[in-house]
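Biologist: Could you take me through one part of this model closely, and then show how that part sits within the rest of the chain?

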Amino acid sequence: MTYKEQVKSRLANYKLTTLGVVENGKWKTNDKEYPHILPVKQMELNFLEPYRTGLTNFTKQQRVHLHRDFHHLNSSQAICLNFFYPLIEENQLSLLLDILKFSNEDIDFAQFEKILDRTEGTNFDFYIKLKSGKQIFFEIKYTESGFGKQNASEVYQEKYEGVYKERLTGKLRIGTDNYDSLMKNYQLLRNISYVDATDQSLLVIIYPEGNLKLKKEYEDLLNNVIDPDLHKNMRLITWENLWKDLMESLASSPTFPQRLRDQYILFGEKYL
């Protein structure tokens, strides 16, 4: 089986044995039932139990738009919310900064589904602004088979000329066809257009180590398209390594709430 098929099979068993949900949910694009999908009426079960109530209330209060496929157990939005929200609620996002080597920084604010430029429209899965002015942009992946692409068209040619031509200037290797590269790497280059080699802002892409297609696509882009000066502003991290580092941080002190520890134990059992 492919990595995606393996995860779906494991999550189907998780739905039955851990969540106790027998009914299968529907994929709205074809109205067919699948065992790794929750019924829409039970989609809140995609939040891990320790912070389920808090997350349910948070997404409503903050008007976090849940994606159409949020009731899929392999939803990348669910993995994002399950990982980052407990750190926000417990005021422990500094643990994440330590892991990312921003130890001497203070957080100004953090936000899910952050859009910085509504004219351009890129939506970051998670975003942190530091009091120093530095920014950390997070792109979250799980079972996706690749990063988003687009077919060349008059509409995208106009958007390239009006928006991305300037935003990508100096960020791609000399001799690169910037428009062609944008079409082939649309999601990643939109993200990359927000970081600059002259500052210390960082684009963090998180993916599971078993999803080799994502790793290859990222490395091909890094090695063949992105200007080397910008490499320091980009980081590819596996969920496994991030989770391991966080678990080690939580184990280093008895002062962390047990609920927080329980959350990430369950996170590892569900996703990793």
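**A close look at His 72 and its setting**

Modeller: His 72 is placed in the loop between helix H2 (52-61) and H3, and I should say at the outset that this is a predicted model. With a relative accessibility of 7%, His 72 counts as buried, because buried means under 20%. If residues up to four places away in sequence are set aside, His 72 touches Lys 26, Trp 27, His 36, Ile 37 and Asn 46.

From that loop the chain enters H3, the helix that gives the most residues to the largest nonpolar core, namely 8. This core has 52 residues, and those that touch the most other members are Phe 84, Leu 96, Ile 136 and Phe 138. Leaving out neighbours within four places in sequence, Phe 84 is in contact with Leu 96, Phe 138, Phe 112, Phe 126, Ile 140 and Ile 206. A second core, separate from this one, has 28 residues, including Phe 137, Phe 147, Leu 221 and Val 225. In soluble globular proteins, nonpolar side chains tend to be buried together.

Helix H3 (76-89) is also one of the partners of helix H10, whose buried residues pack against H3, helix H1 (3-17) and helix H9 (239-251). The buried residues of H10 are Leu 260, Arg 261, Gln 263, Tyr 264, Phe 267, Gly 268, Lys 270 and Tyr 271, a list that holds charged and polar residues beside nonpolar ones. Helix H10 covers residues 258-271, and because 14 residues at 1.5 Å a residue should span 20 Å, the 20 Å between its end C-alpha atoms agrees with the expected value.

As a counterpart to the buried histidine, Lys 159 in helix H5 (residues 154-167) counts as partly exposed, because its relative accessibility is 26%. A polar atom of the Lys 159 side chain lies 3.5 Å from the backbone oxygen of Glu 120, and the C-alpha atoms of these two residues, 39 residues apart along the chain, are separated by 8.9 Å. Not counting residues up to four places away in sequence, Lys 159 touches Tyr 164, Tyr 186 and Arg 190 as well as Glu 120.

Around these parts, the protein chain has 10 helices and 7 strands, and 49% of its 272 residues count as buried. Among contacts between residues at least 6 apart in sequence, 66% join residues at least 24 apart. A compact globule with 272 residues would have a radius of gyration near 19 Å, and the 19 Å of the protein chain agrees with that.

Note on methods:
Residues are numbered from 1 along each chain as its sequence is written. This is a predicted model: local features need pLDDT of at least 70, side-chain atom pairs count only at pLDDT 80 or more; totals for chains, interfaces and linings use all residues. Side-chain values use heavy atoms; hydrogens and water are left out. Helices (H or I, at least four residues) and strands (E, at least two) are DSSP runs, numbered from the N terminus. The expected span of a helix is 1.5 Å times one less than its number of residues. Buried means under 20% relative accessible area, exposed over 50%, partly exposed in between (1.4 Å probe, protein chains only). Contact means heavy atoms within 4.5 Å. A polar contact is a pair of N or O atoms within 3.5 Å; within protein, one must be able to donate a hydrogen and the other to accept it, and residues adjacent in sequence count only if both atoms are side-chain atoms. A nonpolar core is a set of buried Ala, Val, Leu, Ile, Met, Phe, Trp, Tyr and Cys residues joined through side-chain atoms within 4.5 Å. The radius of gyration is taken over C-alpha atoms; the globule rule is 2.2 Å times the number of residues to the power 0.38.
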